Amino acid sequence: MSKININLPDGTSKQFESGVTSMQIAQSISEGLARNVLSAKVNGAVWDANREIEADATLNLLTWNDEEGKSTMWHSSAHLMAEALESLYPGIKFAIGPPIESGFYYDIDFMEYEFSEADLPKIEKKMIELARMKNVFERKYVSKPDAIKYFEEKSDQYKRELIQDLEDGEITFYTQGGFTDLCRGPHIPHTGFIKAVKLLSVAGAYWRGDENNPMLTRIYGITFPKQAELDDYLQLLEEAKKRDHRKLGKELELFTFDDDVGPGLPLWLPKGAFLIEQLEQLAKTTERKAGYQRVKTPHIAKENLYITSGHLPYYKDSMFPPMQMDGSTYYLKSMNCPHHHKLFDALPKSYKDLPVRFAEYGTCYRYEKSGELFGLMRVRALQMNDAHIYCTKDQFAQEFRAVNDMYLKYFKIFGIDKYIMRFSTHSPEKLGKKYVDNPKLWKETEDMVRKVLIESGIPYKEVADEAAFYGPKIDVQIYSVIGREFTLATNQVDFAQPLSFNLTFTNQNNESEHPIVIHRAPLGTHERFIGFLIEHYAGKFPLWLSPEQVRILPISEKFNEGCKNILQSLENYDIRASLDDRGEKIGKKIRDAEMAKVPYMLIIGEKELDEGIVSIRKQGEGDQGSKSVKEFAEFIQQDVNEIMSI
RNA sequence: GCCGAUGUAGCUCAGGGGUAGAGCGCUUCCUUGGUAAGGAAGAGGUCAGGGGUUCAAUUCCCCUCAUUGGCUCCA
C-alpha cells in the first residue's frame, strides 16, 4: 500500500495510506470533528466524506458551518424526501432535486395522486423516521445503458432524459435505504445527520424550466442538524413576514391597490407620496450637481417611434395594447429612451455640447403577466429614475464611471452595503434574434464597460446572454435584510439606438458622428425602490425620509393650546411635525406613535410648558431626557443635514 | 400565462346548508390621565362577482375576477 500526503487547511501535512477517506482523516484528528463532517473538499472539489482518496491531496473538511457542507446536507435531504415520498406514493416519478440557497426542493410527477400542502406533515414524519435509521449514502458508477435500463424499468422518463445528456463513464447512482437516485453527489455519510425537517411549500414548476413542458409539483423544504436551529429559522421567517413591504405599506398608510383601478397599479397615499417627493428631490439635487438637465415627455407615442427604436418587435407582448386614434396607432410608453432620443435630435449638436445628460422621473407602463405581479416590486405602472447620457467614445469611460459613483453615493445614503454589479453581455449565437446584429460594436462596448468596472474596483459578476438588445448592461443586485434578492437599478450601454434614430453630432473634423448612449437608473423605479426601503428599514425610515418626523403628545387636552405653539415653532424650522390632540391617555398616544414608527415623540405636560422645554422620546428607544424647543429643532436639522451632505 | 392556495366589517381573523361573529379602528358620552392599549354605548357586511344543485346557499359544485406561494418572464 502506498502512502499519500494530505495537506490540511492549517498548513500542516500528514501521511496516510492510499485509499483513506476524509472521514477517517477527520477521526484521526478528533472524534468530535468526525461527528460533524458532512462532506469534504478534495483538491477543490466537494466529495463524499466516505470516498477514498488515492493520491496526494489538499483536504478541507466541510461541516454545517461551511456553505458547501450545508449544501451537501440539503442535497441529501432532497434524496431523503424522495425516499419518503416513494414509500408513501409508490410509482411517482422524480425529475430533479437540488439544494438551493436555503434548503432544497424536488420536482415530482405525482401521476394520478392528489397532493396538497396538507400532506406535508405526513412526509416530514416519514423523513424523520427514515433519517433515524442512519442509512448510509452509497455511491456507485453505472454504465449509461444500465442507467437507462434502471429508469426505464421504473418508467421514469425524466431521469431517462437527464441520463441521455450525460457521458457514459461519469454516471453515478446513490442509494440510501431503499431509494436509488441518479446523482453526481456528494452526499452526507448517513441520513442520521438530518435531525430536523420542515417542508415549506408546494408549487408548480415546469420540467426543465420551459413553459411548454409539463408542469411538475415542486416541494420546498429545509433541514437542520439540530431542532433548535430549525426553530431559529422559523423565527427568522416570521420576522421577515413582519418586514414585508405589502404588510407595512398598509399599516403605515403608504400605498394601496384597488380592484376598480386595476392590478399592478399602485395608488400612493399621502405618506407614500411624500417618500416619492423626497426621493425625487434627492435625485434632482444629485443629478443637477452631476450636470444633468431635466426634461419632460408624454406617456404615449405613435407606433412608429417604437419601430424605430427597435423595442416593438422585442417587447410588444409586454406593452399595453395599442390605441387607434385619427388613423394612427398609439402605445403607452414602456420606456423613456425613444422620447429622450427625440429630444436629443430636436436641436443640432456639436461635439462641444457633449456629453448631453437628459433626466426625467418618467412614468412607464408595462403589461407584466398577471402571475408576475408582486406588491410594489413588480407593477404595471412605474416611475423610473431615468436618464440618458449622450457622449463620445472618448468620454464614455469617464461618464460611465461617474454613473457608478452616483450609485455608490446612493448606497451610502441608504446604508446599502450588500450589493453586486451584474455585468450582462450578449451571446454571439443570438445576434440578429435577441441582440442587435453588430458584433464589432458589441465587443467594443463590452470591453469598455469591463475596463471601467475593473479600474474602479467594484465587485461584479459577468453573465453572458443577459444583455439588453441594444447593448451590454450592468444590473445592480441588492439583498434586502430579509434575504430577498432583486435587481434594483440598471446601467446600460447603447450603441444601437443612436444608429436607428440616426442621432448625430458634428465632431472636430466637421464630420457627422453617432454618440454612445448610457441608459441609467440608479434609484430604479419609485415602486421597487420604496418597496425595498420599507423592508430595508422595517418601516422605520431615517429622519430625512420620514413623512412624519416628530409627533407632539400632550399629557391631557388641557395642554393642546400650548402644544400648538411648539408645533408652530417646529414648522418654522421646516420640521415635519404633528400634534396628537385626541382625548386619549398619554400611554395610548405613545403606543400609537410607536406603532406608526414616528422617529421622535415630544411629551408635553405642565412641567414642559412652564419651563419652555420638550421631553423627548425616541421611537423604539424610550425616554431621551429634555431639551429646549430650539435645541431639539437644531438637533433634528443637524441629523438631516448630515445625510444630505454625503 | 401555467400549477397550487386564499377571498367574511376599514384592518386582522373566527364561523358554517336554515339569511352573520370577535378584537382593533370609527362615532358619541364619561374620564383630564406623565412614557407602549381607561370605561361605556353606537354605527358599520349583497360573506369578491356570476351561474348551478337545493324547499333553503355566505356555506356544496362550476366559471370569472383579485390576492398569494412558486414556475416562466422582467427593455
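Visitor: What makes the surface near RNA strand B nonpolar, polar or charged by class?

Guide: In this predicted model, that surface has 15 nonpolar, 15 polar and 22 charged residues. Ala, Val, Leu, Ile, Met, Phe, Trp, Tyr, Cys and Pro count as nonpolar, Asp, Glu, Lys and Arg as charged, and the others, Gly among them, as polar. Local features need pLDDT of at least 70 and side-chain atom pairs 80 or more, while totals for chains, interfaces and linings use all residues. Residues are numbered from 1 along each chain, chains are lettered from A, and hydrogens and water are left out of side-chain values.

Visitor: Which residues are closest to RNA strand B?

Guide: Tyr206, Ser370, Lys588, Arg591 and Glu608, out of 52 that surround the strand. Near takes a heavy atom within 4 Å.

Visitor: How do you know that Ser370 makes a polar contact with a phosphate oxygen of RNA strand B?

Guide: A polar contact is a pair of N or O atoms within 3.5 Å. A polar side-chain atom of Ser370 sits 2.5 Å from that oxygen, so the pair qualifies. Arg591 passes too, with a side-chain N or O atom 2.4 Å from a base nitrogen.

Visitor: What makes the largest nonpolar core a core?

Guide: The term covers buried Ala, Val, Leu, Ile, Met, Phe, Trp, Tyr and Cys residues joined through side-chain atoms within 4.5 Å, buried being under 20% relative accessible area with a 1.4 Å probe, protein chains only. This one has 75 residues, and Phe414, Leu570 and Leu602 have the most contacts inside it.

Visitor: Why is this core said to lie between domain 3 and domain 4?

Guide: Because domain 3 (265–294 + 336–537) and domain 4 (550–644) both give residues to it. The bounds come from an automatic or database domain assignment.

Terms used: Polar contact = N/O pair within 3.5 Å; in protein donor to acceptor, adjacent residues only side chain to side chain. Buried < 20%, exposed > 50% of the residue type's maximum accessible area, 1.4 Å probe, protein only.
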